[in-house]
Amino acid sequence: MTTHGGLEPVFCTIVPPHVLDRLARHDDPALSGPARRSLQRDAMERTRRRLTTVIGATAAAAPAGKQDGQPHRTIYDAHHGTDLPGTKVRGEGQQPGGDATVNRAYSGLGATFELYLSVYGRDSIDGRGLPLDATVHYDEKYDNAFWNGEQMVFGDGDGEIFLDFTIPVDVIGHELTHGVTQHTANLAYFGQSGALNESVSDVFGSLIKQYTLGQTAAEADWLIGAGLLAPRVTGTALRSMKAPGTAYDDDVLGKDPQPATMDDYVHTGSDNGGVHINSGIPNHAFYLAATALGGHAWERAGQIWYDVLTGGELREDADFADFARLTVKAARERYGAGDEVQAVKKGWEEVGVPAS
């Protein structure tokens, strides 16, 4: 069994670096300017995260008087600056105000808390009632959202390529799930373990959206970031779990590079070894397993993935095959040798990852 006593929080963004890199090289300064500033800001925040990890950050504790099983959300406004967390604008239990971005952030934190508690019995992202903090209106035309190991941060987008990053609830769920991974399997953010880190966030981000909408696996769109792309962009989302590589095909953004199977696995030194690209493979395996089982994906398929993430056997440097084998084991242990085991096995088989 792997123990995860030394947490190593990572800086995780929803928009992959390769997307911003391409935008930053565009001739139109309205497109390249925000992308360059976003890349620079991401680099600074990533460095800050590493320094905080080395020095050590004080873990947030549940506030006095907080009841178990209840969220404790605080939304801050950076007023287009970069000092975190910013000015407090809404606390737990306060009524919505006139800022739609603040209200969406508050609701998205609540939706994430609700799925983890109601479905998996997990009290916040650390399992011990961790307060959920988020900052909105971060920086000028900031083209990203991120989890920095301690809180959520949302940009407003540039209005040309990206819209407000609080619009898709799965983006909020994705980033907060990096916090869940941080407090459980602590998957190393490089290569296949990093792609698993990203995939787990996509899986539960999608499940949070499906749970909020009451959708079955057949009804869900299985898109990550639908509603985030501006009208001028030829695309539907950042990623597709149903059909990796098809989320966008745009003259500015280029074509979605995600592979759906190991036949097209991308070997690269950029993006921490392609963590946002090759995550399409385990994403597609989950989609295949969930749709084969039918019903609500957060129930059987989601439970199996959650069991692996939190079970203590997943190594920090696990590869796809390690994760696949553990999902088959988890399916058998929870449900017996039935449809669940077969659906999980077939899902991994179809993407070319050995599961036994």
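Which residue stands opposite Ile-75 in strand 4? In this predicted model, the partner is Ala-134.

**View 1. Strand 2 pairs with strand 4 on one side and strand 3 on the other.** Strand 2 covers residues 73–77, and strand 4 covers residues 132–136. The two run parallel and are joined by five bridges. Ile-75 faces Ala-134 across this pairing. Asp-77 has Val-136 as its bridge partner in strand 4. Strand 3 pairs with strand 2 in the antiparallel sense, over four bridges. Here Thr-74 stands opposite Gly-91.

**View 2. The six strands form an open sheet.** Their order is 1-5-6-4-2-3, and the pairing is mixed. Strand 1 (12–13) and strand 3 (87–91) are the edge strands. Each has a single partner strand, so one side of each lacks a neighbour in the sheet.

**View 3. Strand 2 is buried on both faces.** Arg-73, Ile-75 and Asp-77 lie on one side. Thr-74 and Tyr-76 lie on the other. In a regular strand, side chains alternate between the two faces of the sheet. Five of the five residues of strand 2 are buried, so the rest of the structure largely encloses this strand.

**View 4. Helix 3 and helix 4 contact the sheet.** Helix 3 (residues 100–120) lies across strand 2, strand 3, strand 4 and strand 6 (152–154). Its direction makes about 150 degrees with strand 2. Helix 4 (residues 169–182) packs on the sheet as well. Helix 4 touches strand 1, strand 4, strand 5 (145–147) and strand 6. The angle between the directions of helix 4 and strand 5 is about 20 degrees.

**View 5. Phe-165 sits in the loop between strand 6 and helix 4.** Its relative accessibility is 0%, so Phe-165 counts as buried. Beyond residues up to four places away in sequence, Phe-165 touches several others, including Ile-14, Val-15, Tyr-142, Phe-154, Val-171 and Leu-228. Asp-143, Asn-144 and Ala-145 are also among the residues touched. Thr-261 is 96 residues from Phe-165 along the chain. The C-alpha atoms of Phe-165 and Thr-261 are separated by 29 Å.

**View 6. The largest nonpolar core has 91 residues.** Phe-162, Phe-204 and Trp-348 have the most contacts inside this core. Helix 3 gives the largest share, nine residues. The core draws at least three residues from each of domain 1 and domain 2. Another core, of six residues, lies apart from the largest one. Among its members are Phe-11, Ala-78, Tyr-142 and Phe-146.

**View 7. Trp-348 is one of the residues with the most contacts inside the largest nonpolar core.** Not counting residues up to four places away in sequence, Trp-348 touches Pro-282, Ala-285 and Trp-305, among others. Its contacts also include Phe-320, Phe-323, Ala-324 and Thr-327. Val-353 and Ala-355 are touched too.

**View 8. The protein chain is divided into domain 1 (17–52 + 67–183) and domain 2 (191–351).** The C-alpha centres of domain 1 and domain 2 lie 21 Å apart. Their contact takes 34 residues from domain 1 and 40 residues from domain 2. An unreviewed UniProt entry lists "domain: Peptidase M4" at residues 75–182. That stretch is 32% helix and 18% strand, with its end C-alpha atoms 22 Å apart. UniProt also places "domain: Peptidase M4 C-terminal" (unreviewed entry) at residues 185–353. Residues 185–353 are 47% helix and 5% strand, and the end C-alpha atoms are 20 Å apart.

**View 9. Helix 8 (residues 300–310) is largely enclosed by the rest of the structure.** Nine of its eleven residues are buried. Among them are Ile-304, Trp-305, Tyr-306, Val-308 and Leu-309. The cover includes helix 3, helix 4, helix 5 (191–213) and helix 7 (280–293). Helix 9 (320–335) and helix 10 (339–350) also contribute to this cover. Gly-312 follows helix 8, and its phi is positive, near 90 degrees.

**View 10. Gln-182 lies in helix 4.** Gln-182 is buried, with a relative accessible area of 7%. Gln-182 and Tyr-306 are 124 residues apart in sequence. In space they are 14 Å apart, C-alpha to C-alpha.

How values were computed. Residues numbered from 1 in each chain as written. Predicted model: local features only at pLDDT ≥ 70, side-chain atom pairs only at ≥ 80, totals over all residues. Heavy atoms only, no water. Pairing = 2+ DSSP bridges. Contact = heavy atoms within 4.5 Å. Axes fitted to C-alpha atoms, helices over the stretch in contact; angles between N-to-C directions. Buried < 20%, exposed > 50% of the residue type's maximum accessible area, 1.4 Å probe, protein only. UniProt positions renumbered as here; feature names shortened; annotations may be inferred. Core = buried A, V, L, I, M, F, W, Y, C linked by side-chain atoms within 4.5 Å. Domains from an automatic or database assignment.
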